[in-house]
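This briefing is for a reader new to the structure shown below. Please look over the sequence and the model before going on to the notes.

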Amino acid sequence: MDNQYSITCEKVGKSIAKKEIIKDISLNVSKGEIFGLLGPSGAGKTTLVKMIAGIDHPTNGTVHVLSQSMPNLDVMNDIGYMAQSDALYGELTAKENLEFFASLYGISGKKQKERILEVMGIVNLTGDLNKIVSTYSGGMKRRLSLAISILHEPEILILDEPTVGIDPVLRKSIWDELRMISDKGTTIIVTTHVMDEADKCNRIAMMRNGSLIATGTPNELKETTSSTTIEDAFLYYGRNK
């Protein structure tokens with residue numbers, strides 16, 4: 001394993017009920033990189049990140065995270081994972097949700113209180129800390145899920161469509177924070193179908209029908225295809241694969 005990479009997928013495939021969901025995907029993600037998986041719904045992005053997170057097994061190929069073959073329980077403690085659907089306890093307050101997840105990560109006492117305030121500040125929910133989560137809007141639940149995923153300061157952060165339902169102003173502040181987190185050395189994978197979000201990543205892998213159709217920096221992909229936007233580049237690669 002090459003230690004310069006936080007994440008390595010080699011010829012990864014996934015079949016469910018004899019249907020091929022992921023087809024022969026190989027990619028590397030460097031430490032501290034914001035790496036985007038861009039593609040429409042059904043492209044296989046969620047299936048791929050679940051295998052990277054250790055939640056699912058590949059049918060073929062290998063996934064290594066922090067030089068360890070996945071799934072690996074020890075490595076999973078170093079991963080923050082935000083799923084598309086919010087895994088929250090609606091009958092509890094946001095604070096109680098955060099305390100519960102903090103205890104799972106072994107964060108207690110003064111450190112727990114500090115981290116809860118820090119992450120709620122990041123997602124702009126400090127004033128809603130003591131509200132019952134079932135009263136939260138959809139966007140507020142997404143932000144709380146993000147706060148929980150970064151609570152334990154993971155080395156790897158995997159965010160599956162993190163800004164769905166979030167207004168543009170807050171989306172910008174969340175991306176600013178993601179850049180700060182990556183600058184401190186955290187490796188971030190973001191799945192998205194929003195073209196302008198893909199432009200914010202250091203590198204992106206374009207996915208369609210379970211396959212990679214292109215990988216590179218946003219500028220490289222635009223220059224190679226003589227495109228002015230990521231959307232045009234995506235359409236180009238989609239037509240020519």
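Which residue stands opposite Thr187 in strand 8? The residue opposite Thr187 is Ile156. This is a predicted model, in which local features need pLDDT of at least 70, side-chain atom pairs count only at pLDDT 80 or more, and totals for chains, interfaces and linings use all residues. Residues are numbered from 1 along each chain as its sequence is written, and side-chain values use heavy atoms, with hydrogens and water left out.

**Terms**

- Helices (H or I, at least four residues) and strands (E, at least two) are DSSP runs, numbered from the N terminus.
- Two strands are said to pair if DSSP finds at least two bridges between them.
- A residue is buried under 20% relative accessible area, exposed over 50%, and partly exposed in between (1.4 Å probe, protein chains only).

**Domain record**

- UniProt, in an unreviewed entry, lists residues 7-234 for "domain: ABC transporter"; UniProt positions are given in the numbering used here, feature names are shortened, and annotations may be inferred rather than shown by experiment.
- The span of residues 7-234 is 36% helix and 27% strand, and its end C-alpha atoms lie 24 Å apart.

**Parallel pairing around strands 3 and 8**

- Strand 8 (residues 187-192) is mostly covered, with 6 of its 6 residues buried.
- Thr187, Ile189 and Thr191 point one way from strand 8, while Ile188, Val190 and Thr192 point the other way, and all are buried.
- Strand 7 (residues 156-160) runs parallel to strand 8, and 5 bridges join the two.
- Strand 3 also pairs with strand 8 in the parallel sense, over 5 bridges; here Phe35 has Ile189 as its bridge partner in strand 8.
- Strand 3 (residues 34-38) pairs in the parallel sense with strand 9 (residues 203-208) as well, over 4 bridges; in strand 9 the bridge partner of Phe35 is Arg203.

**The hairpin of strands 9 and 10**

- Strand 9 and strand 10 (residues 211-216) run antiparallel and are joined by 5 bridges.
- Met206 stands opposite Ala214 in strand 10.
- The hairpin has 2 residues between its strands, and Asn209 takes a positive phi near 50 degrees.

**The antiparallel sheet**

- An open sheet is formed by 4 strands in the order 2-1-4-5, with antiparallel pairing.
- Strand 2 (19-30) and strand 5 (68-69) each have a single partner strand and stand at the edges, so one side of each is left without a neighbour in the sheet.
- Within this sheet, strand 1 (residues 5-16) pairs with strand 4 (residues 60-65) over 5 bridges in the antiparallel sense.
- Thr8 stands opposite His64 in strand 4.

**Helix 4**

- The 14 residues of helix 4 (residues 109-122) should span 20 Å at 1.5 Å a residue, and the end C-alpha atoms are 21 Å apart, which agrees; the expected span is 1.5 Å times one less than the number of residues.
- Gln112, Arg115, Ile116, Val119 and Met120 are buried in helix 4.
- These buried residues cover an arc of only 125 degrees around the axis, which puts them on the same side of helix 4; the arc is that of the directions from the helix axis to the C-beta atoms.
- Lys110, Lys113 and Leu117 are exposed on the other side of helix 4.
- The buried residues of helix 4 pack against helix 3 (94-104) and helix 5 (138-149).
- Asn124, which follows helix 4, has a positive phi near 60 degrees.

**Phe101 in helix 3**

- Phe101 has its place in helix 3 and counts as buried because its relative accessibility is 15%.
- Leaving aside neighbours within four places in sequence, Phe101 is in contact (heavy atoms within 4.5 Å) with Ala87, Tyr89, Ile148 and Leu151.
- Phe101 and Leu88 are 13 residues apart in sequence and 10.0 Å apart in space, C-alpha to C-alpha.

**Cysteines**

- A search of the whole structure finds 0 disulfides, a disulfide being a pair of cysteine sulfur atoms within 2.5 Å.
- Cys9 is in no disulfide, and the nearest cysteine sulfur, that of Cys201, is 16 Å away.
- Cys201 is likewise in no disulfide, with the sulfur of Cys9 as its nearest cysteine sulfur.
- Cys9 counts as buried because its relative accessibility is 2%, and Cys201 counts as buried at 6%.
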